[in-house]
Structure formats: C-alpha cells, structure tokens
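Open the model in your viewer and keep the sequence panel beside it. Each stop below says what to select and what you will find there.

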Amino acid sequence: KTRQAAGPPPVPSRFWSRICSRDRASCSYANFAWQLCETKLAEQAMWHSTKDSLPGYWGPVTATLDWCESNYVYTIFVAEFWNTLTNAAMVILGLVGIWQTYTLRLHYRYFHSFMFLAIVGLGSTLFHMTLLYEHQLADELPMIFGSCIFAYSCIHATLSEPIRWLAPFLTFCSIAVTVMYLWYPNPILHQISYAILVSTIVVSSFLNVWKASRQLEQATLNSKSKEFAAHAQQVRAAHRLLVVSLATYLGAFILWNIDNIFCSSLQSIRNRINNPYLSGILELHAWWHIMTGQATYSNIIFTALIHSLLQEGDLSNSNSKLHSNSNSDVHSTSRPPHLALRYALFGFVPYLVATPEISKKIS
C-alpha cells in the first residue's frame, strides 16, 4: 500500500504498523514517542562528541586538567559523568574499611588509611563534577597525604617497634609537596610525587611483608602444629591478595596512560558507537578510579592481615627458637591468627573477620 503524504511517518516495527492500521491516534502517539527518543539520543551523541557543548552549571573550567571524557553530556550539573560516578567505589570501600577497624579493633593507622581513601574519593567526585581548580586540589592533595600514611603502615607492618623519625619525615614530605604544588601548579609535579610514593609503598610492602611471610611459612614447615598450619593458610591467602592487588593497580595505570595518550582515538570510537550510555565503557579514567580504589583497599587489608599474623603468632621469635633449640616446646607460645581473610561480591572485595579465639577475647 502507498502511504499518503499527509499521513504519519513510517513506524519502526510491524507491531506499530498493526497499531496504525487499527487506530490512527495510537499510531500518531507511538511515532511521536519514537521520534522524541531518536531526537534525544541524537542530541546526546552530538554533545558527547563535542567538548563543553552544554553550558555547565559550575561555569568555565579552571582546573589545570580536563580529562578525555566529554563535559556536561548527561546533565548540566556534572561535568564528567562517568569519572564522577565511579568515585563511589573509593568512598564505599573506604567506609567499609573504617567499619572493619572499629569492629576488629585494628591499629589506628589502618583507620587513617581507609579514611583518606574515602576522602580521596570525595575530593575526586567534586573535581570531576565541577572541573574547578579548588576541587582539583581537594582530589590531588589528599592523594599525597593518604599515600604517606599508607607508606607508614606498610613499613611498620613487619616491625615490632615503630621508627620514630618516619612519621615526621613523611609529614614533612607531604607538606613540602603541598607547598611546591601550590607555588608551581603543574600536574606533572603532583604525578611525579605520587608515583614516588606509590613506588615506595609497593617496594616496602612487597619486600618487607614478603620476607615476613616467608618466615611464617618456614616456621610452619618446621612444625607439625595445627596452629602454625592455620597461619600458613592465611599467609598463602595474603600472598594471592598481594599479587592480585598489585596486578590490578598495574592494569589501572596502563588504562590511565591509554586514556591520556590515545584520547582522540577513544573519542572517535565513542562517536561511532553513537550512544553515550554504551560508550561509557570506554571511559578508561573511570576504570582507573574503580581499579585503584579496589587495589588500595586490598593493600590495606593485606597489610593489616600480615601485621595481625606476626603480632599474634610472634613467629619471628618462634622461628629463631626452632633453629636454636629443636627439642624445646615452642608451640605453646604460638597462637592462631587474630584475623582471617574472606571475600564478598564474587571475590572482588576482600575483608577481614575475627577467628573464634579472638572473638572470645573481644566479647
């Protein structure tokens, strides 16, 4: 059949064609709704392909960084939608960690580590939502302070006595970086400082904690005690968590660089997809937020677990006793670990639980 020129436009499906053949009014409403959806998607695709195409509620960009994601695509109140939304992972994981420090009575340095993880998530949310310079500082400066606190936790995980000069030294470093960055607001300065701190965290946590873990395993091999076997099981779980967290952080770093180096190529691919919701998968800086938040949270959990194993089992002393006097009963001084490692959300979120022995002590 031929359609008259004055009739409604073509409908996209046979179902709607049947509606048009029976009820012309319903056909008009269906076509109006379909055209409205097509127009909305076309507008969003156009906004997605053009930087700053929508007038933002927060005014012009004053930050020294403007990431690869197009600005104000979904709403005038959020500059970078996906980069803003994914910071919820840092905030939620930080709050989960704070809750664990209270329920399990962990050392205060772990509370501060989780607290700064949540603070970085909040600051990053403000930064990507507004792209204002003052909110950029609320994102970047807590990253420096939080990394210093986490470096302190990693270094002290295997030490029985704290290093007195370490806390003042890290405090001085964080203040010095802050002053230099405020005086010379170049993002490269912040990125280099953050890279040095992260490298210190990785090296110190890997070398020191791995050495302590080997001591735990050696003590287990020289003993037939079931209590040492419980330690060995947690040590193997801690090893896996360390490797996974470092691999996650490395993957996040690779995606961060791809997003910076190949931004134009990524934007052209998003434009070809022509759907701002599906193209959000290619917002690699948003994945950086999720992966670094999970990796940092896992590293704090890992450090707290190793510290608990060493403190409760006191295997550094037990191991030396095993080598010095094989006939002595050293098992009486060893105790099961305070904490055990568990996983939630299909293995993506590790968390700590109290063993039955420590639960009795707490109650």
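Helices here are DSSP runs of H or I with at least four residues, numbered from the N terminus. Keep in mind throughout that this is a predicted model.

**Whole chain**

Start with a cartoon view of everything. The chain has 13 helices and 2 strands. Now colour by accessibility. Of the 363 residues in the chain, 45% are buried. Then turn to contacts between residues at least 6 apart in sequence: 66% of them join residues at least 24 apart.

**The largest pocket**

Select M143, Y194, V198, Y249 and W288. Among the lining residues of the largest pocket, these lie nearest its centre. The full lining has 39 residues, and the pocket's volume is about 800 Å³.

Next, show the helices that build the lining. Five of them each supply at least two residues:

- helix 5, residues 108–130
- helix 6, residues 133–156
- helix 8, residues 187–221
- helix 9, residues 226–261
- helix 11, residues 284–313

Which helix gives the largest share of the lining? Colour helix 11: 9 residues of the lining come from there. Now colour the lining by residue class. You should see 23 nonpolar, 14 polar and 2 charged residues.

**Aromatic rings**

Stay with Y249 and W288, and add W67, F253 and W256. These five residues form one aromatic cluster. Y249 and W288 are thus shared with the group nearest the pocket centre.

Across the model, the count of aromatic pairs comes to 13. Zoom to one of them, Y102 and F111. Their rings are edge-to-face, 5.8 Å centre to centre, with 75° between the planes. Is Y102 buried or exposed? Y102 is exposed, because its relative accessible area of 59% is over the 50% cut-off. F111 is partly exposed, at 23%.

Move on to W165 and F169. The ring centres are 6.2 Å apart and the planes stand at 75°, so this pair is edge-to-face as well. W165 is exposed, at 55% relative accessibility. F169 comes out at 41%, which counts as partly exposed.

**From helix 5 to helix 6**

Select L131, in the loop between helix 5 and helix 6. L131 has a positive phi of about 55°, although it is not a glycine. Check its accessibility: at 0%, L131 counts as buried.

Now step to H135, in helix 6. Show side chains here. The H135 side chain makes a polar contact with the side chain of T130, at 2.8 Å. What else does H135 touch, leaving aside its neighbours within four places in sequence? H135 is in contact with G123, L126, F127 and T130.

**Two stops in helix 8**

Select L189, in helix 8. L189 is partly exposed, with a relative accessible area of 22%. Leaving aside neighbours within four places in sequence, L189 is in contact with M180, Y181 and Y184. Draw a C-alpha distance from L189 to V177. The two are 12 residues apart in sequence and 8.4 Å apart in space.

Go along helix 8 to S204. S204 has 10% relative accessibility; buried means under 20%, so S204 counts as buried. Draw another C-alpha distance, this time to A151. It reads 7.7 Å, while the two residues are 53 apart in sequence.

**An arginine in helix 10**

Select R270, in helix 10, residues 263–273. Is R270 buried or exposed? R270 is buried, with a relative accessible area of 1%. Follow its side chain outward from the backbone. The R270 side chain reaches the backbone oxygen of L282 at 3.0 Å.

**The strands**

Finish at strand 1, residues 339–344, and strand 2, residues 349–354. In the loop between them, select F346. Like L131, F346 has a positive phi without being a glycine. The F346 value is about 60°. Accessibility sets these two stops apart: F346 is exposed, at 84%, whereas L131 is buried, at 0%.

Conventions. Residues numbered from 1 in each chain as written. Predicted model: local features only at pLDDT ≥ 70, side-chain atom pairs only at ≥ 80, totals over all residues. Heavy atoms only, no water. 1 Å grid on protein atoms, 1.4 Å probe; cavity = no way out; pocket = protein on both sides within 12 Å on 5 of 7 lines; lining within 4 Å. Points joined across faces, edges and corners; volume = space filled by probe spheres on them. Nonpolar A, V, L, I, M, F, W, Y, C, P; charged D, E, K, R; others polar. Buried < 20%, exposed > 50% of the residue type's maximum accessible area, 1.4 Å probe, protein only. Phe/Tyr/Trp six-rings, centres within 6.5 Å; stacked < 30°, edge-to-face > 60°. Polar contact = N/O pair within 3.5 Å; in protein donor to acceptor, adjacent residues only side chain to side chain. Contact = heavy atoms within 4.5 Å.
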